[in-house]
Amino acid sequence: MDAATSLRKPTSSTPGPARPLPLPSAYELRQRLPVSASLARQIADNRQAVRAILDGEDDRLLVVTGPCSVHDPVAALEYAERLAALDKVVGDRLLLVMRVYVEKPRTTVGWKGMAYDPHLDGSDDMAAGLAMARRLMRDIAELGLPVATELLQPMAGAYFDDLLSWVAIGARTTESQIHRELASGLAATVGFKNGTQGNVDVAIAAMQSAAHPHRHFGITAEGYPAMIETSGNPATHLVLRGGQAGPNHDAASIAASRRAMSQAGLEARIMVDCSHANARKDHRRQTEVLYDVLEQRLAGDRSLIGVMLESHLFEGKQALNPSALRYGVSITDACLGWEATDSLLTRAAERLRST
Ligand SMILES: O=C[C@H](O)[C@H](O)COP(=O)(O)O
Ligand SMILES: C=C(OP(=O)(O)O)C(=O)O
């Protein structure tokens, strides 16, 4: 960027970048909000627990559950406390991982998540957003819960990836080489979603790419441009989330995905996202999708390693009106409420115990 560009303010007649606003480096934020040695050990154990499910060494069902997006740290922590309590009841059959999604990919435009706009007012105070996101993830990890998020902006990951046990690469970015490179350098397990059209081949290609070492453009934790070298991440799996043609959690779709993965030389490891197009955008349908997956697994399909739920303290969603927000209700996709989530997961664990 030359000096003229760096000083120019955009107007409707002079489109272009405004002057950049510096952010703290990932190193600075990690220093300010450090991870203790005991928390680092616990996160390493949580990552290993997820991998053990992938490798078939642990036959529990991996359950990634939580709000579509977190916007209120108090409500997110209350959800986490309830999930940690539920873990004591269902932890023998389910490995509960909490969705702490701080970046949202939008179909066109909209609120992009806590990391971008933590004050929910369009001020885009990203320095505060990154700190709020890291603090929240650390608080949740300190409850003993494995933390999951979608990594969207490759630069943002460095601010919190030391806290993550599971990462999604979403339907809109699975085909992106940049996100595959990012996944290839992560210590956490990565679930690649099928594309929004329903195409699974892009997620399969993503898993092949992420398993390989890469060299790519990036920045160091201190904020300097660098060539990043990754060693490849074999801990990946497919996430079926449905597509434009409808759901893809039925036995025929899962068998087709299994075959495609085997033909590509990949272990068939599949998580079903019970929300999004699999629920036809009706959050209540997540219950029937989860039961369907459970029955397929009980019928012997061991490629089904996990499920994802969008769930918050209270059911549904609300418009983002900062002066009239209801506590514990999603401001992005509609979610199951806590009571429905608790009873669904309790019954799922009982059903798995009964066989
Ligand atoms: O899970 C979240 C949404 O489905 C995704 O971010 C797209 O949201 P949008 O279509 O409302 O922009
Ligand atoms: C954005 C999400 O999902 P997808 O990429 O499947 O649309 C999500 O899980 O929040």
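## Close-up views of a predicted model

**View 1. The stretch that UniProt marks as a domain.** Over residues 48-344 the chain is 31% helix and 17% strand, and the C-alpha atoms at the two ends of this stretch lie 26 Å apart. The stretch is the one to which an unreviewed UniProt entry assigns the feature "domain: DAHP synthetase I/KDSA". Please keep in mind that this is a predicted model.

**View 2. The protein as a whole.** Stepping back for a moment, you can find ten helices and ten strands in the protein. Its radius of gyration is 20 Å, close to the 20 Å that the globule rule gives for 355 residues, so the protein is as compact as a globular protein of that length. The C-alpha trace spans about 70 × 45 × 45 Å along the principal axes. Of the contacts between residues at least 6 apart in sequence, 66% join residues at least 24 apart.

**View 3. The largest nonpolar core.** Buried residues make up 44% of the 355 residues, and the largest nonpolar core has 91 residues. Those that touch the most other members are Leu-62, Val-63, Val-100, Val-147, Ala-148 and Val-307. Take Leu-62 as a guide: beyond its neighbours within four places in sequence, its contacts include Val-50, Ile-53, Leu-95 and Val-97, and also Met-271, Ile-305 and Gly-306. In soluble globular proteins, nonpolar side chains tend to be buried together.

**View 4. The surroundings of ligand 1.** Around ligand 1 you will meet Cys-68, Lys-104, Pro-105, Arg-106, Thr-107, Gly-110, His-276, Thr-332 and Asp-333. Sorted by class, this shell has two nonpolar, four polar and three charged residues.

**View 5. The surroundings of ligand 2.** Cys-68, Pro-105 and His-276 are among the residues around ligand 1, and they are also among those that surround ligand 2. The list for ligand 2 further includes Tyr-101, Glu-150, Gly-170, Ala-171 and Arg-172, together with Lys-193, Arg-241 and Asp-273. Here the shell has four nonpolar, two polar and five charged residues.

**View 6. His-312 in its loop.** His-312 sits in the loop between β10 (304-310) and α10 (338-353). Is this histidine, His-312, buried or exposed? His-312 is buried, because 30 other C-beta atoms lie within 10 Å, and 20 or more is the cut-off for a buried residue. Setting aside neighbours within four places in sequence, His-312 is in contact with Pro-67 and Tyr-79, as well as with Gly-328, Val-329, Ser-330, Cys-335 and Gly-337. Ser-330 is 18 residues away from His-312 along the chain, and their C-alpha atoms are separated by 6.7 Å.

Terms used:
Residues numbered from 1 in each chain as written. Chains lettered and ligands numbered in written order. Predicted model: local features only at pLDDT ≥ 70, side-chain atom pairs only at ≥ 80, totals over all residues. Helix = DSSP H or I, 4+ residues; strand = E, 2+ residues; numbered from the N terminus. Rg over C-alpha atoms; globule rule 2.2 N^0.38 Å. Buried ≥ 20, exposed ≤ 12 C-beta atoms within 10 Å, placed from the backbone. Contact = placed C-beta atoms within 7 Å. Near = placed C-beta within 6 Å. Nonpolar A, V, L, I, M, F, W, Y, C, P; charged D, E, K, R; others polar. UniProt positions renumbered as here; feature names shortened; annotations may be inferred. Core = buried A, V, L, I, M, F, W, Y, C linked by C-beta atoms within 7 Å.
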